[in-house]
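Please open the model in your viewer and keep the selection panel at hand. The tour goes from the whole chain to its domains, then to the ligand, and ends at a pair of helices.

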Amino acid sequence: MLKVGIYWFCNDLRLLDNSMLLKAATEVDKLICIYCFDPLWLLPNRYGLVSMSVNRVSFLKESLIELDKQLHELGQHLLVCNENPINAIKDLAIEHKVSTIYRSCQIGYYENQQWLALRNQLPSINFVQTDTLSLYDQDQLPLLPLELPKTFTKFKIAVQDLAVKKPAPLIEFLPPSPLKQTDWLRYFVNDLNPAFKFNVELEFNAGETAGLKQLKEYFNSGCVNQYKERRNELDGWGNSSKFSPWLANGNLSPRQIYFNLKLYEQGFGANESTYWLFFELLWREYFRWYAHLHGKRLFAFKGIKGLNTLTSFYPERFQKWSNGNTPYPLVNACMKELNATGFLSNRGRQIVASCLVNELAIDWRYGAAYFEQQLLDYDVGSNWGNWQYLAGVGADPRGKRHFDLEKQTKQFCTDGIYINKWQASNPYLYLDSVDAADWPIV
Ligand SMILES: Cc1cc2nc3c(=O)[nH]c(=O)nc-3n(C[C@H](O)[C@H](O)[C@H](O)COP(=O)(O)OP(=O)(O)OC[C@H]3O[C@@H](n4cnc5c(N)ncnc54)[C@H](O)[C@@H]3O)c2cc1C
C-alpha cells in the first residue's frame, strides 16, 4: 500500500536546511504540502487588533508564492488553505488515508495546542516534528523541557560551546501529490484568496531567494566587522543584519547564518563584532525555549515572574502611541517607520516599548500585540519575551527598563535626520485631551 504523508508548512518556508521536509520526502510515496492561513489572523483579537497587518500578509503571500514555484519545479504544489488548520488537515488526512503528518517544531503555545488537538482527533496517524528553526535541538539542552536557566547570561554560558548541526542539503526530490489537478481549484495561492488581496511595496523582498541573497550580501559587505558598534543605530541597512523577517518566516535558518558567520571568521578573522552577531542569535534562541517552556504565561499580564505592575489602559494614549502622535518626536518617528515598513531597529523597539510602559503607563501586552500585528519579523518568543523583559515581568534580573527619551534622542538622533525623515518633528503637546470645561474656575 502506498504511504501518504502531509507536510504542514508553518514558519519554515524554505527548501534549504529543511530537515523535516527532507525526512518526509524519503519516508512516503505521496506527499501533500499544505500551508494554512488561519482566518482568525484577520479578526480582531482581545486587544482589538489583528494578528497580521497588510504589510505582514503581503510579505507572507510573496513568500508562499515563491515556495509554490519551487515546489512546482519538483513536480509538487503548495496547498494554501484559508481555513483553521485542524479542520483542513483533518479532512485531507482522512480523505487521502494519510499515515504521517510532518511539521517543524513550534514554540508557540497555541500552535502546540493545535498539534495536540489534531493528534487527539487522528489517533491512528503518526505525528512527527523536528527542530528546524533553532540553533540547537531540544535534546542538546539538558534542562528542557522542564527548566531553562533563569537568565540569558546563564543560558548563554550553558550553550555557547555546544556544537551546531550542519544545515541540511537542498531538497531536490519530493514525492508527488495524491491530489488531482482539479482538486487544486479548491485551494489557492493567488489573489482570489480574500486574505491575500493586499499588495504593498516593501523594503524587504520576501521568500527564500531574497533571504539567501541578503545572507550573502551582508557577509560580502563586511558590515559584520562593525556590527557591535553599529547595531544600535536607528537607521541604515548595513547597521544590523536585517535577517529577522526571513528568519521569522523560515526562509532562512539560524544554522545557515551561524555557518556563514563561521566561514566569514575563517576568511577574515573573528572579532568582538562577529561574536556579537552570534550572541544576538543566542538571544533569539533563549526566547524560543523561554516561549516553549512558559507556554501561556508568555502572554500573561504578570509575566513569568507573576508580578503585578501599576498600569491601566488608556485608549487615547494607545491610539496616539500606535499612530506616532505622542509628545515625543523620537517615539513618533519610530512608530511611523514601523507602520510604514513593518520594521524597526532594535533600539527603536526598546525606546517605544519603554515609552508605552513608563511614560504612557499602558498594559505592556497592548504594545506586544501591536508589534505582533505590524512586524514583518514577528516571532512569538522574541516579541513577547522582549516585551516581558522591558516591562519588568520577564527574564530581566534588574527589573523594569526605563529609557530616558531625551537622552536617547541626544545619543541616537543628534542631527534630527531620523526624526525629520519620518516627519515627526512637530509632536502633539498633550498626552491626554484636556477639556477646559472640566476644570473648576478659581
Ligand atoms: C520590544 C521588542 C520586540 C521585539 N520583537 C521581535 C520579534 O517579534 N521578532 C524578532 O525577530 N525580533 C524581535 N525583537 C528583537 C530585535 O529587535 C530584532 O530581532 C532585530 O531588531 C531584528 O533586526 P536584525 O535582523 O537586523 O537584527 P540583528 O541585530 O542583525 O541580529 C541578528 C539576529 O539576532 C536575533 N536578535 C537580535 N536581537 C534580538 C533580541 N533582542 N531578541 C531576540 N533575538 C534577537 C534576531 O534573530 C536577528 O535577526 C524585539 C525586540 C524588542 C525590544
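Two residues are said to be in contact here if their C-beta atoms, placed from the backbone, lie within 7 Å. Please bear in mind throughout that this is a predicted model.

**The whole chain**

Begin with the complete chain, in which there are 17 helices and five strands. Its radius of gyration is 23 Å, close to the 22 Å that the globule rule gives for 442 residues, so the chain is as compact as a globular protein of that length. If you orient the view along the principal axes, the C-alpha trace spans about 90 × 55 × 40 Å.

**Domain 1 against domain 2**

Next, colour the chain by its division into domain 1 (4-133), domain 2 (136-166 + 209-299) and domain 3 (315-421). Between the C-alpha centres of domain 1 and domain 2 there is a distance of 24 Å, and where these two domains meet, 16 residues of domain 1 are in contact with 17 residues of domain 2. Select helix α2 (residues 54-73) on the domain 1 side, since this helix gives the largest share of the side that touches domain 2, namely four residues. By residue class, that side of domain 1 divides into seven nonpolar, four polar and five charged residues.

**The shell around the ligand**

Now select the ligand together with the 29 residues that surround it, the closest of which are Ser240, Ser241, Ser244, Arg284 and Asn383. Two or more residues of this shell are given by each of the elements α8 (244-249), α10, α13 (346-359) and α15. Which element gives the largest share of the shell? It is α10, with six residues. At the level of domains, the shell draws at least three residues from each of domain 2 and domain 3, and its residues comprise 13 nonpolar, nine polar and seven charged.

**Helices α10 and α15**

Finally, isolate helix α10 (residues 272-294) and helix α15 (residues 380-391), whose axes come within 8 Å and cross at roughly 90°. The two helices are therefore roughly perpendicular to each other. To see the contact itself, show Arg284, Phe287, Arg288, Tyr290 and Ala291 in α10, which meet Val380, Gly381, Ser382, Trp384 and Gly385 in α15. The residues of this contact divide into five nonpolar, three polar and two charged. Arg284 links this last view to the previous one, being among the residues closest to the ligand and also part of the contact of α10 with α15.

How values were computed:
Residues numbered from 1 in each chain as written. Predicted model: local features only at pLDDT ≥ 70, side-chain atom pairs only at ≥ 80, totals over all residues. Axes fitted to C-alpha atoms, helices over the stretch in contact; angles between N-to-C directions. Parallel < 35°, antiparallel > 145°, perpendicular 65-115°, else oblique. Nonpolar A, V, L, I, M, F, W, Y, C, P; charged D, E, K, R; others polar. Near = placed C-beta within 6 Å. Domains from an automatic or database assignment. Rg over C-alpha atoms; globule rule 2.2 N^0.38 Å.
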